[in-house]
Amino acid sequence: MSDDGELDAEQWRRLSPWAVGFIFIRIVVDFVRNNVPALAGAGAGVALIERIGVREVSLFALVALLVVALVCLIHHRRFRFRLSGDTLLVRRGIIEQTELKVRAERIQHMALERPLYLRLFGLVRLSVDTPGGAAAQIELPGIPTELAQTMRARLHREDHEAPAREGEAATDDDAPLFQATPRGLILHGIASNYAYVLAAALAPFLNQIEALLRWLLADTAMADHLQALGERPLLAGILLALALLATLLGASVTVSWLRFHGFVLTRSDGRFRQRSGLVSHQEQSLARARLQSVEHVQTAVGRLLGRSYLICRQIGAVLPGQENSARHFLIPGLRRVRAERLIEVFWPGLAQGPAFDRVHRYYIRALTARWSLVLGALTAAISLVAGNPWILLALSAVPPLVWPLAWLRWRAVGYRYAGDYLLVRRGLFGRRTTVFPLVNAQRLALRESWLQRRRGVATLIVTLASGPVEVPYLPRAEAERLSNHLLYRVEVSHVAPTARRSDCAWRSPT
Amino acid sequence: MGAATKEIALEFHNEPVDPDTLPAWEAVELEPISPRYAPCRLLTIGGWSALAAAAVALSPPLEAFPLAGDWRMAAGVFAAGALAAAIAWMEARRRAWGLREHDLIYRSGLIVRRTVVLPLARVQHVETISGPLERAFGLVRLACYTAGGLSTDLVVAGLERDTAERVRHYLLGRIGALDDAEAGDDE
C-alpha cells in the first residue's frame, strides 16, 4: 500500500462522477422491477396508456426520469466520505444532512463488488454492514479500486491488533478452506431454489410470454407439429413440463455459475473471506467474533444430489428469501462431510455426536389437525362458492393426505445438544440445521397452548441476534432442562469472564 | 497479549454440570402484575369497540356496505368488542413477572401461554412507556431491547410506576456492572 493511498483516504472524498449514472440506472431498474410487473400483469398498464394517451404517458415518464436524475445529481454532490483513523465517516442526505460514523471494530461484514459495468471504469462498490440494522448500512457505489482496497485494509487492520483468540493464531493462514468445483456449482444451481425465485419473478409475465409464443408460432412449419401435439394432450403436457423444467434448471445453473464462479473461502486474522463471481467479481469478509449462527441447508433436491450449502448469520435478522442475495455469506455446493468439517471450522470444538433427538410424537397429531383445519376450510369455501355440496366429500380425504406430511415434518425436526453448542434441525423434504453456541442466546421463550399444557409439552424458542430458532413440542421437563442449561451458560459467561469463551464476545472488546 | 491468552487458557476450566442441580426458572414464584391493569385493558378495548359500534350505527347507509346504519350490525360489533374485552380482562389477570439475579421472567397469555426469560447480560437498553389511559391508572410498560432484535424483545406491561422505576434502575445498574466487569477483563 502506498502512502498516497493512505493520505487520500483521510480526506473528504466524493464518489466517482460515473456513480451518478449507476445510481440513476439502479433506481430506475428497481422501480421498473418492482412496479411494472404488477401493472403489466394485470393489464392495467395497457388500459392506462389507452385511456390517457401514449404521448401524455411518455411525457410523464420523461418528467419523472428527469426528477430522478436531478435527485441523483444532488445526492452525488452531497455525498462525502473519508477515513479518520479506523473510523469511516459518511455525510449524505438531500434535504437533511446526516453524518454516519462507523468504527472498524463495529463492522461485521464487508463486501467489495466489481460488476462488469463498474470494472470498465476501474471502480468498485464497497458496502459495510454493522449490527445497527438497515439504517446503519453504508454503501459506496463507484469508488476507485485502489482506494477501496486501502480503505478495506485500514478497516481490517484493527483486527490485527486484537488479541489472538484461543488457539486460532496457529491455524490462521491464507490457505483456502474451501474451493468450489465447477461440478459443485452446477449441482448447487440445480439444488438451490434459484429456479423457483426465477419462476416467481417471471410469473407476472406469463400472459405476455404466452401471447408472444402464439404470435411466433402462428404460421410457421411448427404449426402442423403443434396441431398433431394438440391431439395428444398428455404428450403435449409432458413435453411442456420438461421444456419448462429444463429452462428453469438452465437459468438456475447459470445464476449459480455467475454468482459463485471461482468461489474461494479463506481465513485470516479472525475474519473469513470469500471471493467469487464470473462477470461481477465480489469479495466478502465476515468477522469471526460477530458470527451468531451457521445454518446448514439441504434442499430436497440437494439431498438427492448430495449437495448442501451453509449460510453464516450475523447480528441482525435476515428476511427469508433474501439469503441468495450478494449481501449474505453463503458457501455453496458442499458435500455432507465437507459441510460438517466447515461447520467445525466456524465452531471449533463442535463434536459430531450421536443422532438428533426427536420431539414428542404429539407434534404429528397437532400438525395434522392444524393443516387439516386450513385445508378443510378451503374445501368448504370452494364448495360454497361453486354451490356444489358434493365437494364437501373431499373433506374426508384431507386427514389421510395431511398425516404423512406431518409425519415427514416431525421426522425432520430434531435437536442435538453438543457441549458448547446446540443444533436445531427442521424441514419437510429438505433439511435446515441451525448450529449456534449456547452463549449466543439472547432470549428464551416457552410457548404452551392449552392443548399443549394438557399433554405436558411445550415449544421452546431461542432468540439469537440473528433471529429466532424454534424447537416445537418438547416434553415440558426437557424444555425446562434445556432452557435452564442455556440460561446457565449465558449468565455464567458474564459472571466469570475469565472462563468465557471468545465466541461469546458479541459485545466488542474495547 | 500472548501472556494474557495463556493465563486465560490456564484458568479456563470446564467442569461437567449436572443439569438437575441448575437453578430452575420454572420454580420461581412469579408475582402478578398490578390488578389495575385488567380494568385498564377492559377500558381500552371496550372503548375502541364502542367507538366502532357508534361509527357503524351513525354512518349513513353506504352502497358498498349496506349494513352501515343498521342497529343490529352495530350491536354485533359491540358484542364482539365486549367479548374481546372480557378475554383481555381475564388475560390481564393472569399475567405475572419475576426478577432473578440474572434474568427477568414474564408470563402472559390465556389460551396460549408464553413465558419469556431474558438474561440481564443480554439487555442493551431499557425504556419505560405509558399511554394516557395507563397514566390515569398509574401504570407503566417496561420495554427491554437486546442486540439484533427487529422488535422489542420483552415488554412487561402493567407495572405500577414505582415498581417499574425501581426495576429499571436495577436493570440499568446490572447492565453497567456487567459492562464494567467485561471492560476490566479486557484490559
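Is Cys312(A) buried or exposed? Cys312(A) is buried, with a relative accessible area of 4%. The structure is a predicted model. A second cysteine of the chain, Cys72(A), has a relative accessibility of 1%. Cys72(A) counts as buried because this value lies under 20%. The disulfide count over all chains is zero.

Confidence was examined for chain A. The mean pLDDT of this chain is 80. Of its residues, 79% reach 70 or more. Two stretches of chain A fall below 50. One of them covers residues 160–172 of chain A, where the pLDDT is below 50. Beyond near neighbours in sequence, this stretch has 17 contacts in the model. Residues 497–510 of chain A form another such stretch, with pLDDT under 50 throughout. For residues 497–510, the model has 46 contacts beyond four places in sequence. Where pLDDT is low, predicted coordinates should not be read in detail.

Chain B was described by its secondary structure. It holds five helices and seven strands. From the N terminus on, the order of elements is α-β-α-α-β-β-β-β-α-β-β-α. A helix thus opens the chain, and a helix closes it. Four strands follow one another in the middle of this order, between helices. A pair of strands comes later, again between helices.

Strand pairing in chain B was then traced from E1(B). Strand E1 of chain B spans residues 31–32. Strand E2 of chain B spans residues 96–99. The two run antiparallel and are joined by two bridges. Within this pairing, Glu31(B) stands opposite Trp97(B) of E2(B). E2(B) also pairs with strand E3 of chain B, residues 103–108. This pairing is antiparallel too, and has four bridges. Here Ala96(B) stands opposite Arg107(B) of E3(B). A hairpin of three residues connects E2(B) to E3(B). E2(B) therefore has pairing partners in both E1(B) and E3(B), as each pairing has at least two bridges. In a regular strand, side chains alternate between the two faces of the sheet.

Burial, contacts and surface were computed for chain B as a whole. The chain has 187 residues, and buried residues make up 36% of them. Among contacts in chain B with a separation of 6 or more, 51% link residues 24 or more positions apart. The exposed area of chain B is about 10500 Å². Carbon and sulfur atoms supply 61% of that area.

Key:
Residues are numbered from 1 along each chain as its sequence is written. Chains are lettered from A and ligands numbered from 1 in the order in which they are written. Side-chain values use heavy atoms; hydrogens and water are left out. Buried means under 20% relative accessible area, exposed over 50%, partly exposed in between (1.4 Å probe, protein chains only). Contact means heavy atoms within 4.5 Å. Accessible areas come from the Shrake-Rupley method with a 1.4 Å probe; for residues, only the protein chains shown count as cover. pLDDT is the predictor's confidence in each residue, from 0 to 100. A disulfide is a pair of cysteine sulfur atoms within 2.5 Å.
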